[in-house]
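This report covers a sheet, one strand residue and two pockets. The structure comes first, then the details.

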Amino acid sequence: MRNFNETTITDAVLERIKDAGDPRIKQVSEALVRHLHAFVREIRPTQKEWEFGIDFLTRTGHMCDDKRQEFILLSDTLGVSMLVDAINHPVPEGATETTVLGPFFVQAAPEKDSGADISGPMEGDPMLVTGSVSTVDGKPLVGAIVDVWHSDDDGYYDVQQLDQIGDLAMRARFHTDANGKFHFWSIKPAAYPVPHDGPVGEMLEAQGRHPWRPAHVHFMISAPGFEQLVTHVFVAGDQYLDSDVVFGVKDSLIREFARHPAGRAPDGRMVDTEYFHLNYDFGLKQVASNARAA
Ligand code: BEZ
Ligand code: FE
């Protein structure tokens, strides 16, 4: 087969991959070719535009290393990460909704006892976070692992300023107590722009978009027999809730970070300035095989 033209080339490529041994590889390859060719037919790029596209992807790849993942950022800002998340995480009644992981999770966060202050050397408005972890029908999950991480009041994570602060802060791993509860102190996070000094930033600007995420606290919660929950809780009233650059906001994940005057906090601690209190009760769904057995 030869002499392909605009109308025959797609079928020719599909014919060439029809014998792929693995049915999933065949399905994915065929869909990729069909959609990619349809995209090119729709936009009818000039040769120069096509070269620009290849150069954009090349620069995106060159920007990636062990600290920066520009391809994930591209997926995030094009809404693909949230689409994959939505496909993979249907949420039954009582389960907490999911959202993107983001690039600032650290595997080996320091383990802390409930009640710890995890702000380290960071200054800002004190924030008390209280919460619980339960099954979808409200049974407390004891000993669940609760990873938390968030930005400072200028919108920077610890890993973005390790040179200045010397150690991890505003992140920790807790375990829920005998009632499925945990709590900790930190500082209230601020909204921040995603890294926008690379190809993704260029794309956002060209598309007339801002790079901001509304203020939030990240949670990753696991317990044996339950699906790992990756989510955030967003600060109610944030100006970017309706225009999050990575499309991660869901109404069920927005909470008031309630302002309280100085005094005794709900955990008994005396606080000499005003502070903010976030409470969130998380629901975990059983992994499918366990759910069937239950
Ligand atoms: C974050 O919330 O940490 C985040 C998520 C997606 C892209 C960049 C940052
Ligand atoms: Fe974040």
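This is a predicted model. Five strands make up an open sheet, ordered β3-β2-β7-β8-β9, with mixed pairing. β3 (171-175) and β9 (254-255) are the edge strands; each has a single partner strand, so one side of each lacks a neighbour in the sheet. Strands of a sheet pair through backbone hydrogen bonds, parallel or antiparallel. Strands β7 (residues 216-222) and β8 (residues 229-235) run antiparallel and are joined by six bridges. Within this pairing, F219 sits opposite T231 of β8.

A further strand, β12 (residues 270-271), contains M270. Is M270 buried or exposed? Its relative accessibility is 53%, and the cut-off for exposed is over 50%, so M270 counts as exposed. Neighbours within four places in sequence aside, M270 contacts G263 and R264.

Now the pockets. Rolling a probe the size of a water molecule over the atoms shows where empty space is left. The largest pocket has a volume of about 740 Å³. It is lined by 20 residues, and those closest to its centre are F39, G53, F56, L57 and L78. Five helices each supply at least two lining residues: α2 (23-43), α3 (47-62), α4 (70-77), α5 (80-88) and α7 (199-206). Which of them gives the largest share? It is α3, with seven residues. The lining of the largest pocket also draws on two domains, with at least three residues from each of domain 1 (9-44) and domain 2 (75-293).

The second largest pocket holds about 640 Å³ of space. Its lining has 25 residues; Q69, G102, P103, F104 and F105 are the closest to its centre. Two elements, α4 and α5, give two or more residues to this lining. α4 gives the most, with four residues.

The table sets out the two pockets by volume and lining class.

| Pocket | Volume | Nonpolar | Polar | Charged |
|---|---|---|---|---|
| Largest pocket | about 740 Å³ | 15 residues | three residues | two residues |
| Second largest pocket | about 640 Å³ | twelve residues | six residues | seven residues |

In the largest pocket, 15 lining residues are nonpolar and two are charged. In the second largest pocket, twelve are nonpolar and seven are charged. Helices α4 and α5 each supply at least two residues to the lining of the largest pocket, and both also give two or more to the lining of the second largest pocket.

Note on methods:
Residues numbered from 1 in each chain as written. Chains lettered and ligands numbered in written order. Predicted model: local features only at pLDDT ≥ 70, side-chain atom pairs only at ≥ 80, totals over all residues. Heavy atoms only, no water. Pairing = 2+ DSSP bridges. Buried < 20%, exposed > 50% of the residue type's maximum accessible area, 1.4 Å probe, protein only. Contact = heavy atoms within 4.5 Å. 1 Å grid on protein atoms, 1.4 Å probe; cavity = no way out; pocket = protein on both sides within 12 Å on 5 of 7 lines; lining within 4 Å. Points joined across faces, edges and corners; volume = space filled by probe spheres on them. Nonpolar A, V, L, I, M, F, W, Y, C, P; charged D, E, K, R; others polar. Domains from an automatic or database assignment.
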